[in-house]
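The exercises below are meant to be worked with the sequence and the coordinates side by side. Please try each task before reading its solution.

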Amino acid sequence: MSKILIVDDEANIRLVVKEYAEFEGYEVSEAENGMQAIEMAKNNDYDLIIMDVMMPKLDGYSACKEIKKIKNVPVIMLSARGEEYDKLFGFEIGVDDYVVKPFSPKELMARIKVAMKRGAADTQTGTDHYKFEGLEINMAGREVYVDGKKVSMTPKEYDLLFFLVKNNNLAMSRDKLLESVWGYDFFGDDRTVDTHIKMLRNSLGEYRKYIVTLRGMGYKFEAVQK
């Protein structure tokens, strides 16, 4: 049975999420703040953590950063703020998904399934190795090098880059990227893809040129392997 930790200072939010999660067959634990969440994550293994952003004692972003240092566990962030800046910051510290309050519990359950599936697949990436000029990509080791320097990226940046590279020179719509990289299409939107493309381009430096925007459609990775 998969174990989920729900972290939110609002008891009603925890109760609603817990009821839906237990109905789906998950074992659920609860924490009221970020400090408590860190301690529970240290002493227990969870398959996924649902974390509110604004909490007393320690906010969700800070708690997520500390937990990611000790455990490779997917984190879905809950927040009443839906601005791009907030989402970008969350993705940069390793958040796997971001849900804006008020949210549909059914949608959250769908996102939980996707995040768990992606987390389980992290260690099952193919053995392909690619080199495009000074850009080296080791999919087996989930490593990316720019001009010999290892680049640190978020889990979704790796997933997005690997998918685009595997489909080199093929046009990919935003819907196709949502379906293939995030594992769903109904619960995502164009901004999710565009935000991660922006982050990925920043990580690749001058080799951002390989990610081509297809106006009104999506993106493609366009390069010749060396």
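**Exercise 1.** With which residue does E10 form a salt bridge, and how far apart are the closest N and O atoms?

*Solution.* The model is a predicted one, and the distances that follow are computed from it. The partner of E10 is K101, and their closest N and O atoms lie 3.8 Å apart, which fits the cut-off because a salt bridge requires the nitrogen to be within 4 Å of the carboxyl oxygen. As a next step, place both residues in the chain: E10 belongs to the loop between β1 (3-7) and α1 (11-23), whereas K101 belongs to the loop between β5 (97-100) and α5 (105-121), so the salt bridge ties together parts that are 91 residues apart in sequence. Then compare the surroundings: E10 is partly exposed, with a relative accessibility of 42%, while K101, at 16%, counts as buried. Finally, look beyond the pair, since E10 and K101 belong to a network of salt bridges that also includes D8 and D52.

**Exercise 2.** Which residue meets the side chain of K71 in a salt bridge, and which residue meets that of R111?

*Solution.* Begin with K71, whose side chain meets that of D45 with an N to O distance of 3.0 Å. This pair links distant parts of the chain, 26 residues apart, with K71 in the loop between α3 (60-70) and β4 (75-79) and D45 in the loop between α2 (34-43) and β3 (48-52). K71 is partly exposed at 22% relative accessibility, and D45, at 56%, is exposed.

Turn next to R111, which forms a salt bridge with D97 at 2.8 Å from N to O. Here R111 sits in helix α5 and D97 in strand β5, so the salt bridge ties together parts that are 14 residues apart in sequence. R111 is buried at 9% relative accessibility, and D97 is buried as well, at 7%; both values satisfy the criterion, because buried means under 20% relative accessible area. To set these pairs in context, note that the structure holds 19 salt bridges in total.

**Exercise 3.** In what order do the five strands of the open sheet lie, and what is their pairing?

*Solution.* Reading across the sheet, the order is β2-β1-β3-β4-β5, and the pairing is parallel. The edges are formed by β2 (27-31) and β5, each of which pairs on one side only, and from one strand to the next the twist averages 20 degrees. To examine one pairing in detail, take β1 and β2, which run parallel and are joined by five bridges; I6, for example, has E30 of β2 as its bridge partner. Helix α1 packs on the sheet, where it touches β1, β2, β3 and β4, and its direction makes about 170 degrees with that of β2. Helix α3, in turn, lies across β3, β4 and β5 and runs at about 155 degrees to β3.

**Exercise 4.** At what angle do helices α7 and α8 pack, and how far apart are their axes?

*Solution.* Helix α7 (residues 174-182) and helix α8 (residues 190-204) pack at about 75 degrees, with their axes 9 Å apart. The two helices α7 and α8 are therefore roughly perpendicular to each other. Their contact is built from R174, D175, L177, L178 and W182 on the α7 side and from D190, T192, V193, D194 and H196 on the α8 side. When these contact residues are sorted by character, four are nonpolar, two are polar and four are charged.

**Exercise 5.** Which residues does the cis peptide bond join, and what is the phi of E133 and of D147?

*Solution.* Recall first what is usual: most residues other than glycine have a negative phi, and most peptide bonds are trans. Against that background, the bond between K101 and P102 is cis, with omega at about -5 degrees, and P102 is found in the loop between β5 and α5. E133, which is not a glycine, has a positive phi of about 55 degrees; E133 lies in the loop between β6 (129-132) and β7 (135-138) and, at 37% relative accessibility, is partly exposed. D147, not a glycine either, has a positive phi of about 55 degrees and lies in the loop between β8 (143-146) and β9 (149-151).

Notes. Residues numbered from 1 in each chain as written. Predicted model: local features only at pLDDT ≥ 70, side-chain atom pairs only at ≥ 80, totals over all residues. Heavy atoms only, no water. Helix = DSSP H or I, 4+ residues; strand = E, 2+ residues; numbered from the N terminus. Buried < 20%, exposed > 50% of the residue type's maximum accessible area, 1.4 Å probe, protein only. Axes fitted to C-alpha atoms, helices over the stretch in contact; angles between N-to-C directions. Parallel < 35°, antiparallel > 145°, perpendicular 65-115°, else oblique. Contact = heavy atoms within 4.5 Å. Nonpolar A, V, L, I, M, F, W, Y, C, P; charged D, E, K, R; others polar. Pairing = 2+ DSSP bridges.
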